[in-house]
Amino acid sequence: MARSSRALLPLALALAAAVAAAGAAAAERAPRVLAKLSPEACAAQQGGGAVAAATGDAGALSVATLSRVAAAAAAVGLSFQEQLPVDCWVLLAPAATRDATAAAIRALRDGSAAGSGGGAEAAAAGGASAPLFASIGEEVPLRHGGPAPAALEPQSTEAPVVTLGDRRRGGAGSAAAAPAPLMAPAGMPDECHGGPSGCSDNIWGIKRIQVPEVWAAMGSDMPLKAITKPGTVIDDGVDPTNYDIAPQIDAANSVTFSADSNNLPAGGVSSTSNHGTHVFGTIAGGWGSYKGQADTRGIAGIMGPTYNTMISCNSFGDTGSSWPSDIAKCIDHAIARNAHWVINLSLGAPSPAADSNADFQRAMLDKLCAAGGMAVVAAGNGVPVGAGCGAGAGGADVDPCDYVGVDVHNSGLQPDGVTVTPNIVRRRAARPAPPARCAPCAGPCCARAHPACAYTAPAPPPQAWFPASLAGDLPCVLAVGNVMPDPMDTLNSASNWGASVGIVAPGTRIGSDGIATSDHWAGVLMTGTSQATPHVTGTALLLRNAYPDATAAQVLTCLTSTADRTVKYSQPGSSVAGGVVNAKAAWDCLKKIYPDAGGGNGDHAPPTDPSCQNLTVPACVDLASGTPVASCDAATSFCQSAGTKTCAYAFAAAGTACSGGTCAGGSATCTTGGGGPSPPPSNACGTGCAANGLCTEKAGCKCGAGGSCACKASEGFVEYTATTAMAGTQSFCVWSKSYRLKMGLVTAPAKARVALEYQVWSGPAKAMCPKRKAKVFSKIIVGTVPVACPAGDYTALKPTKLPPGDGCNAKTRVSSAVFDTGASPGAGKCVQLQLYRTDAPFFETIYLKYA
């Protein structure tokens with residue numbers, strides 16, 4: 001989200017007045033309506049069904065269901081617009097006014113509208129008496145910012161340079177031949193003559209996160225010979241005439257989905273904004289010359305040459321905002337075009353923390369996770385505050401404004417704990433119609449006559465920043481904050497923060513590509529979390545293509561676990577869960593898992609023994625004890641993934657010296673020299689001990705002295721310290737459970753409902769059912785891509801008629817995770833099962849062989 005330190009909510013500080021007015025008009029018009037059908041209504045699909053529910057693919061709704069939706073919408077003044085590419089979700093067109101739309105939503109939500117619940121209409125449409133909608137509410141647009149572009153700063157005098165705006169012209173409008181850059185070493189772009197230190201300061205962010213060190217380590221294997229896992233930039237479009245973009249973008253498959261602009265400009269092209277082009281350039285700006293002209297600005301994208309494989313999806317059109325439903329279409333398009341492996345979302349906005357808008361964004365990103373993709377999202381650029389912040393037409397933000405970053409989970413909270421009150425004219429909430437007994441009078445008159453009718457404005461619902469606030473819950477989503485170069489690694493005061501911000505990257509005064517007018521090498525400086533995000537996206541795409549067998553979870557884990565814990569804060573009270581991305585360290589992390597991939601093998605001898613001893617473990621874990629195991633008990637061992645196997649390690653003995661103190665014994669915890677526990681990560685108690693609201697003092701654990709987790713054994717919780725994809729190294733209170741399996745290998749028939757049995761233990765030989773009927777697993781994803789079947793004994797899963805989900809037999813105290821298997825890729829072939837846990841932000845993997 002491009003901003004100076006005075007960043008976003010939500011329009012740019014220096015956008016043209018016409019754009020501001022257009023944005024204000026968009027904010028005032030009646031919003032569209034997102035609606036999720038009830039399970040009963042959604043089950044009446046022509047396609048999809050259980051498979052669609054498991055994979056996130058949207059099946060076509062039946063004619064009867066669509067007719068029922070249209071009738072219910074029409075009864076309250078709305079109209080059916082379209083089925084969305086997220087299972088069970090539809091889009092309704094608004095009523096004539098915002099107030100009328102709000103009243104229609106209330107009627108459909110409480111079932112008072114004709115056709116929205118049971119009765120004759122449902123029966124006639126083939127439905128049940130159950131409510132038609134499970135979730136319904138206003139669609140909230142997302143935005144990015146775009147401050148006034150600044151000229152690129154001159155490149156180092158060590159390289160020949162023509163500064164932006166001073167490019168010498170020769171002949172009839174043709175560019176004069178630029179001096180040839182010095183020869184770059186193997187693996188490096190021409191823009192980085194002499195090696196990593198020769199890269200331009202215009203890409204200081206790429207240098208800070210050690211991308212040039214990755215290029216150099218890959219040697220002759222960089223540039224990549226092919227891009228097998230391309231990505232997509234969902235933004236306001238790119239300029240394909242920029243010479244840095246032209247050889248990189250897949251113009252044939254780039255597209256625009258923007259309902260407000262009639263899907264124009266077509267083909268993922270930008271209208272006038274630099275934003276999307278700038279983001280694209282950091283990820284995948286071209287290397288070297290193009291059409292005989294050298295790039296003397298020193299701009300080089302992280303991925304290197306992409307051979308026209310990167311897709312642009314313009315979800316903004318020519319407006320200043322983007323609807324989540326249009327973003328969902330972009331994600332669906334990326335999956336269909338196999339360009340979903342990493343998707344960049346430099347956009348966002350605050351909206352109610354729990355409503356249909358939040359549910360829909362979670363569902364659209366869940367679909368991406370199920371497809372094996374990743375989403376890297378901007379944390380956001382805070383809210384405008386201060387006496388200098390004015391209001392333009394319709395309440396649009398105008399310069400000058402001061403911006404302050406907020407907690408992504410509470411966008412009304414400043415770092416000092418003071419509630420933010422943006423100094424912006426806001427539209428007054430609509431008053432509901434007075435009760436019938438107040439007629440024919442209303443307002444003060446009615447209130448005096450009937451005190452019970454007095455209107456009290458409802459408290460506004462808690463606000464969160466979307467989609468960034470979802471990063472802590474979804475395994476393939478990573479939210480990125482913005483750090484500055486001066487002081488180095490300091491979180492920009494306008495950058496949002498919080499427990500779901502899993503990593504930070506340079507985002508202040510970043511040089512990249514811009515809209516080409518007379519200069520095909522146009523470049524601009526921009527600031528914001530929008531500019532930090534593509535640093536992580538580009539790194540993730542480089543890693544996914546260098547290590548094509550690595551899963552999204554492995555790439556995320558390597559990115560977050562190796563990040564530099566050097567973040568400093570200019571706003572007291574703010575904190576993030578992770579560190580500054582370190583591309584080289586993440587590359588090294590994957591190299592230990594996949595020693596024969598990643599490039600650089602010709603220059604650097606790969607490890608000869610890709611065993612458990614070649615991985616990285618905390619200081620209080622005995623590396624030499626690492627042993628491959630079929631199942632790792634996190635209560636007694638440190639567990640680490642190593643490709644297709646799991647390594648178990650013994651903990652170092654109590655008193656063993658470690659960084660800053662001694663090991664506690666029995667865990668990976670390193671205590672300080674004073675004997676007390678080490679200071680925990682800033683969110684160790686806020687997130688680690690309260691993962692998904694389960695591990696609270698009420699639900700089984702509490703934060704002990706110094707922030708350590710004190711787990712409640714009587715409810716089956718044990719402490720588990722691990723490096724996670726979302727928050728680096730943390731302690732969690734997780735269920736102590738074991739499976740009724742010989743190994744992590746199961747067999748079952750295709751398209752069958754089966755139960756995976758396990759037990760939760762509250763003590764030695766004492767099984768229990770999780771208290772309060774809590775779910776151990778949030779979902780199970782059945783893989784569709786065949787994998788090699790590991791050797792070993794396979795346990796046959798029992799068929800069942802129980803509904804999908806978690807359950808526990810109170811008599812036997814045996815728990816079951818019930819799920820539907822998919823279509824078989826062939827008898828005797830295997831796929832992976834991903835078991836997503838509710839007690840920690842990661843999943844477990846089991847192999848399923850089809851009978």
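1. A residue counts as buried when its relative accessible area is under 20%, and as partly exposed when that area lies between this value and 50%. With this cut-off in mind, Y243 at 11% is buried, whereas Y290 at 24% is partly exposed. Please keep in mind throughout that the structure discussed here is a predicted model.

2. Taken as a whole, the protein chain has 15 helices and 44 strands, and buried residues make up 53% of its 851 residues. Of the contacts between residues at least 6 apart in sequence, 71% join residues that are at least 24 apart. The chain exposes about 32,300 Å², with carbon and sulfur atoms supplying 57% of that area.

3. Strand 18, covering residues 477–485, deserves a careful look, because eight of its nine residues are buried and it is therefore largely enclosed by the rest of the structure. Which strands pair with strand 18 in the parallel sense? Strand 12 (residues 375–378) does so over four bridges, with A375 standing opposite V477. Strand 20 (residues 503–506) also runs parallel to strand 18 and is joined to it by four bridges, and here G481 stands opposite V504.

4. Strand 19 (residues 488–491) runs antiparallel to strand 18, and three bridges join the two. These two strands form a hairpin with two residues between them, and P485 of the pairing stands opposite M488 in strand 19.

5. The aromatic side chains can be followed next, since the count of aromatic pairs comes to six by the ring-centre rule, which requires centres within 6.5 Å. One of these pairs is formed by Y243 and Y290, which meet edge-to-face at 5.1 Å centre to centre, with 65 degrees between the planes. This pair links distant parts of the chain, for Y243 lies in the loop between strand 7 and strand 8, while Y290 lies in the loop between helix 9 and strand 9, 47 residues apart.

6. Y243 also forms an edge-to-face pair with W521, at 5.7 Å centre to centre and with 90 degrees between the planes. Here the partners are 278 residues apart, W521 being in the loop between strand 21 and strand 22. Both Y243 and W521 are buried, and ring pairs link Y243, Y290 and W521 into a cluster.

7. Finally, two lysines are placed over aromatic rings. K229 lies over the face of W341, at 4.6 Å from the ring centre, and the charged end of K849 sits over the ring of Y794, 4.2 Å from its centre.

Methods
Residues numbered from 1 in each chain as written. Predicted model: local features only at pLDDT ≥ 70, side-chain atom pairs only at ≥ 80, totals over all residues. Heavy atoms only, no water. Buried < 20%, exposed > 50% of the residue type's maximum accessible area, 1.4 Å probe, protein only. Contact = heavy atoms within 4.5 Å. Areas by Shrake-Rupley, 256 points an atom, 1.4 Å probe, with all protein chains shown as cover. Pairing = 2+ DSSP bridges. Phe/Tyr/Trp six-rings, centres within 6.5 Å; stacked < 30°, edge-to-face > 60°. Lys NZ or Arg CZ within 6 Å of the ring centre and 35° of its normal.
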